[in-house]
Every structure is written in C-alpha cells, then in structure tokens.
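Me: Please take a close look at a single part of this model, the open sheet, and describe how its strands are arranged and what surrounds them.

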Amino acid sequence: MSFRPSLQVAVVMRRERVPGAMSRWQTWRWVLHDVLGHDVTPHAEHFGTEPRCVRHTEDEQLWLHPGFTVELFRDDAEGYYLNATTPAPCWFVLWRMEEEPGLSDEVMAVPTLVSLSYHDAGRWLDAQENVDPLAAPEEVVAWMAAFAEEHWVAEVKRRRRPDSFKPLQDRFGNPAAVSTTKWRGGGSGSGEGGAHGG
C-alpha cells in the first residue's frame, strides 16, 4: 500500500457586508477567510466534525468547516510545481452556495474541495465553479515543493521540424511545384502574364 502525503485542514468562510453602491443589489457576500490546521506533522489540530459558526456580529459571520483532506498525487506533481514556483503560492478552495438552508436560517457558502494543485484550480474554473485562492504558509509551500521536486519530471519537448523541411502544399493540399526561374513580366501595359491566377 503506497503512502500518499496528506494534510487535515478546516476551512473558514466569511459572510460580510457588501460595501458601497454594490450593496443596493447585494447586501451580503461570502468569501474564503482562512485554511486552518495545516500542520505538516501527522497530528493536525482537531476542529471537530461538524460545521459551526465561530463568530457572529452585525457585520460578519465566520463559519468553520472541518474535515478536509489535502492529498498530494504523483500524477499531479506538475500542478504542485506550478503553484510552488509562483510569486504567491496558494490554497485553492472550491465552494458552492446551498440551494436550501441546511446549516443556518439562510443559504450559505459551503466549501467542497481543497487543493494545492494549479491543475485542479484550472479545471474547477473551467467548470465555472466558485474558486477562491488563499496564500499558503511557508511550511506548506516547502512541503509541496519538496514533493513536486521529487516526483515531477519535465516533459522532453520534441524538436520542431523546421518549416523549410516540410513539403509545400497548395491551398487544396496538393504538392506545390516550386520554380527557381525568375518570372519576367511583359511590362505594366502587357496583358500576358500581368497577374497570377488564384
């Protein structure tokens, strides 16, 4: 049984008032607030098993969602490498709005997946999901970078065949004849050979 490096984390989502003129259309919004428990030792901090509100004021709510496992997969080592080598390596959290109130009296944002892979984030965004990035701490970036360095092998790029060695074709895909004889026109007033046929 192969060992797959992983971290146990909790996600904190924040409900906050929308400032300025935008509040006329939307009073509240949800954003990613934090990712907690990112201890790279086997004993991560315990946050319980059920989502709960950890702060509630007139202007904001903080909801803690425990129980997420962030795993590193060998076949996605490039995704971790791309993240680790950016100026600001991130956690990527996919979250969705509830269709019906389940945790509170109103619908709320619920995190679904947490990843450190650029490829995961790209796939989620392509699927038009809500994805928020959050700066990852140094110890997590070092852990991810070490894994990527060990398992990612850059693809050897094939040498591109120079265009001069490719067979020429006309617009119909047939082999094109090339003449090295200089064409001499009959002058601007000549009707013979004055223009090339298309």
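Reply: Two strands are taken to pair if DSSP finds at least two bridges between them. In this predicted model, four bridges join β3 to strand β4, residues 60–71, and the two run antiparallel. Within that pairing, R55 stands opposite L62 in β4.

The strands β3 and β4 belong to an open sheet of four strands in the order β2-β1-β4-β3, with antiparallel pairing. Its edges are formed by β2 (28–36) and β3 (52–56), each of which pairs on one side only. On average, neighbouring strands of this sheet are turned by 30° against each other, direction ignored.

On the edge strand β2 lies D34. This residue counts as partly exposed because its relative accessibility is 28%, a value that falls between the limits of 20% for buried and 50% for exposed. Leaving aside neighbours within four places in sequence, D34 is in contact with A10, V11, V12 and L134. The C-alpha atoms of D34 and V11 are 6.0 Å apart, although 23 residues separate the two in sequence.

The sheet also contributes to the largest nonpolar core, which has 28 residues; V9, W91, V114 and L116 touch the most other members. At least two residues of this core come from each of β1 (6–17), β2, β4, α1 (77–84), β5 (90–97), β6 (109–115) and α3 (138–151). The largest share, six residues, is supplied by α3. A second, separate core of six residues includes F92, L94, A121 and W124.

Conventions:
Residues are numbered from 1 along each chain as its sequence is written. This is a predicted model: local features need pLDDT of at least 70, side-chain atom pairs count only at pLDDT 80 or more; totals for chains, interfaces and linings use all residues. Side-chain values use heavy atoms; hydrogens and water are left out. Axes are lines fitted to C-alpha atoms, for helices over the stretch in contact, and angles run from 0 to 180 degrees between N-to-C directions. A nonpolar core is a set of buried Ala, Val, Leu, Ile, Met, Phe, Trp, Tyr and Cys residues joined through side-chain atoms within 4.5 Å. Buried means under 20% relative accessible area, exposed over 50%, partly exposed in between (1.4 Å probe, protein chains only). Contact means heavy atoms within 4.5 Å.
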